[in-house]
Amino acid sequence: MLLSAATLSEHSVAMDLAMLSLAVTFGLALGAIRFRGMRLGISAVLFSSLLFGQFGLSIDPSVLRFLRDFALIIFIYSLGLQVGPGFLTSLRNEGLRLNLLSIAVLGLGALMTAGVVKLFHLPHASSAGIYTGAFTTTPGLAAGQDALRQKMGNAPAADSAITMAALAYSVSYPFGVVGPILVIVCVKRLFGIDIAREKANLAAAEEVRRPPIEPFDFEVTEPSLADQKLRDHPLIHRRNVIFSRLLRNGTVSVPTGDTVVQVGDIYRAVGPRNELAEVVAAMGRPATVDMGHVNGDVQRIDLLVTRTAVLRRSLAELDLIRRYGVTVARVERAGVKLVPNATLRLAFADRVSVVGPAAGLKLAESELGNSPDTLNRPQLVPIFVGIVLGVIVGTIPLPVPGLHMSLRIGLAGGPLLAAIILSQWGNLGSVVWYMPVAANALFRDFGLAVFLACVGLDAGAGLWQQIVHGGGLRFMMWGAVITFVPVFAVACYARAVFRMNFVMLSGWISGAMTSSPSLAFANELAGSDAPAVAYAAVAPLGILAPILFAEFLSVI
């Protein structure tokens with residue numbers, strides 16, 4: 001039986017959920033359509049919901065507000081858990097420069113928005129909407145609307161102002177999606193970029209900055225460097241080189257710090273390529289024997305760190321070599337290979353390569369956990385505890401000099417900040433702030449889809465009339481300018497002054513604008529996932545900073 005228009009317009013929780021789900025479904029179907037290698041993805045949910053709202057297909061306002069806020073919390077909290085572990089790392093070295101450039105883009109966009117609203121007499125309530133739509137920052141819109149509510153209270157004008165912000169966001173958003181891609185194309189043509197050359201230069205620079213970690217077998221032939229314990233050896237001390245196997249007199253064993261180096265020893269060393277080359281050149285020569293094929297009671301296995309008892313403990317504290325006769329040869333964390341020096345502290349989901357006798361490996365496996373089921377099964381307690389803390393953090397009033405009111409980072413900033421802090425902390429006893437990749441993607445995409453649907457349904461009512469007669473065209477035009485000009489200007493500066501590699505630059509543009517479609521375009525243009533490195537370095541601040549800028553635009 002087909003549903004009639006009257007049935008669809010009835011307001012009940014069941015029908016409201018059905019209407020919302022239908023809008024999301026249409027949006028996801030639209031977002032899956034590829035055009036010249038690009039697709040809108042979840043962003044298309046906003047457009048389908050706007051159409052639903054335009055045709056009078058809406059849901060009860062109280063239900064809409066609840067779903068919008070709950071979905072926002074789920075989306076933001078999951079996003080914080082995703083970017084949190086790399087947040088502090090992204091601020092170091094080159095990441096600091098990238099983040100400063102991102103802040104310049106976001107700050108310049110906010111200044112332009114404030115200037116445009118004042119000079120061209122646009123409604124003040126539209127400023128946060130234009131800004132957040134231009135930068136496609138969904139959390140920023142929520143923060144700006146919350147700041148408007150704080151400023152105006154529960155007066156009828158507050159609802160009108162919040163709707164105005166949503167309208168400005170909705171009409172500015174489309175160019176905010178395609179704008180970063182246009183910037184990448186324009187920068188490429190302006191500077192005559194050769195992608196193949198940029199990729200080669202990036203690979204060479206990356207190898208110098210972060211030499212690959214690899215194993216190497218060598219034989220000791222230098223008498224002057226023999227007869228010394230490994231832990232006291234002047235050539236090895238303070239180097240990021242680990243000795244994982246020793247072949248002596250036809251017997252394979254795991255060397256310890258008390259092992260005395262002898263001429264004729266064959267070692268398997270693991271470490272950065274440049275440091276390995278220095279050690280091998282000084283101590284001897286490459287071995288003619290492949291240690292991996294020598295018989296003996298020495299094996300290598302990969303283990304997952306899933307037991308909370310070993311988290312945040314250093315390898316020196318665990319002392320696996322003395323207790324079990326095994327050594328940690330390599331640690332991989334979030335796809336990055338780390339040298340397992342004594343001060344390295346283990347984190348949940350680390351993949352650890354351990355070398356030693358079979359009996360010792362079993363004991364090490366028991367201690368580290370190695371339970372894929374634990375890794376892949378999300379814990380509910382840290383999710384809800386994190387949400388509670390995020391809501392509390394979001395309600396803390398923050399006095400701002402020069403303003404006669406305090407700001408709160410609200411539901412857009414509180415869960416994000418809480419998730420970043422908790423993911424850095426790691427665990428509290430058996431409660432671990434870690435979410436499997438698949439679960440995180442599901443929570444994040446679900447929350448974003450529902451939030452965009454709520455925004456679209458709310459702003460879609462009378463959308464065409466607002467665009468034609470209510471100033472929507474002006475919002476759209478200035479939103480496009482604010483999308484393009486700041487990031488294009490700073491991108492040209494980064495290329496011309498800092499000679500930033502274009503592959504990294506395209507990822508930075510996507511991260512500064514927190515634009516997933518442009519990241520997909522940059523990856524396809526580069527033929528690799530290299531742009532994602534720069535994207536990940538700036539995305540956390542690219543999410544957090546617009547929340548604060550949007551709040552300032554709402555209250556100044």
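Mentor: On a 1 Å grid over the protein atoms alone, a cavity is a set of points where a 1.4 Å probe fits but cannot get out, and its lining residues have an atom within 4 Å of a point. The model is predicted, with local features needing pLDDT of at least 70 and side-chain atom pairs pLDDT 80 or more, while totals for chains, interfaces and linings use all residues. Residues are numbered from 1 along each chain as its sequence is written, and side-chain values use heavy atoms, without hydrogens and water.

Trainee: Which helices give two or more residues to the lining of the largest cavity?

Mentor: Start with the lining, which includes Tyr77 and Leu81 as well as Pro382 and Ile383. Val432, Trp433, Tyr434 and Met435 are also among the lining residues. Helices and strands here are DSSP runs numbered from the N terminus (H or I, at least four residues; E, at least two). The elements that supply two or more lining residues are H4 (61-83) and H16 (380-395).

Trainee: What separation do the C-alpha atoms of phenylalanine 384 and tyrosine 77 have?

Mentor: Phenylalanine 384 belongs to helix H16, and tyrosine 77 is among the residues lining the largest cavity. Along the chain the two residues are 307 apart. In the model, their C-alpha atoms are separated by 10.0 Å.

Trainee: Is phenylalanine 384 buried or exposed?

Mentor: We call a residue buried under 20% relative accessible area, exposed over 50% and partly exposed in between, with a 1.4 Å probe and protein chains only. The relative accessible area of phenylalanine 384 is 52%, so the residue counts as exposed.

Trainee: Why do the buried residues of H14 line one face of the helix?

Mentor: Helix H14 covers residues 358-368, and its buried residues are Gly360, Leu361, Ala364, Glu367 and Leu368. Looking down the axis and taking the directions from it to the C-beta atoms, these buried residues line one face because they fall within an arc of 125°.

Trainee: Which residues are exposed on the other side of H14, and which strands help to cover its buried residues?

Mentor: Ala359 and Lys362 are exposed on that other side. After the helix comes glycine 369, with a positive phi near 110°. For the cover, contact is heavy atoms within 4.5 Å. Helices H12 (315-318) and H13 (320-324) are part of that cover, together with strands E6 (299-304) and E9 (351-356).

Trainee: Which strands stand at the edges of the open sheet?

Mentor: Two strands pair if DSSP finds at least two bridges between them. The sheet has four strands in the order E6-E9-E7-E8, paired antiparallel. A single partner strand leaves one side without a neighbour in the sheet, and so the edge strands are E6 and E8 (336-338).

Trainee: How many bridges join E7 to E9?

Mentor: Take E9 with its other partner beforehand: E6 and E9 pair over six bridges, also in the antiparallel sense, and arginine 300 has valine 355 of E9 as its bridge partner. With E7, one example is glutamate 332, whose partner in E9 is arginine 351. E7 and E9 pair antiparallel, and their bridges number five.

Trainee: How many residues of E9 are buried?

Mentor: E9 has six residues, and it is largely enclosed by the rest of the structure. That follows because the buried ones number five.

Trainee: In E8, which residue is the bridge partner of valine 331?

Mentor: Strand E7 (residues 327-333) and E8 run antiparallel, joined by three bridges. In E8, valine 331 is partnered by leucine 338.

Trainee: Which residue of E5 stands opposite valine 220?

Mentor: Strand E1 (residues 213-220) is joined antiparallel to E4 (residues 266-272) by seven bridges, where glutamate 214 has glycine 271 as its partner. E1 also runs antiparallel to E5 (residues 284-286), with three bridges. Opposite valine 220 in E5 stands glycine 284.

Trainee: For the whole protein, what percentage of residues count as buried?

Mentor: The protein has 23 helices and 13 strands. Among contacts between residues at least 6 apart in sequence, 80% join residues at least 24 apart. Of the 556 residues, the share that count as buried is 51%.

Conventions. On a 1 Å grid over the protein atoms alone, a cavity is a set of points where a 1.4 Å probe fits but cannot get out, and a pocket is an open set with protein on both sides within 12 Å along at least five of seven lines; lining residues have an atom within 4 Å of a point.
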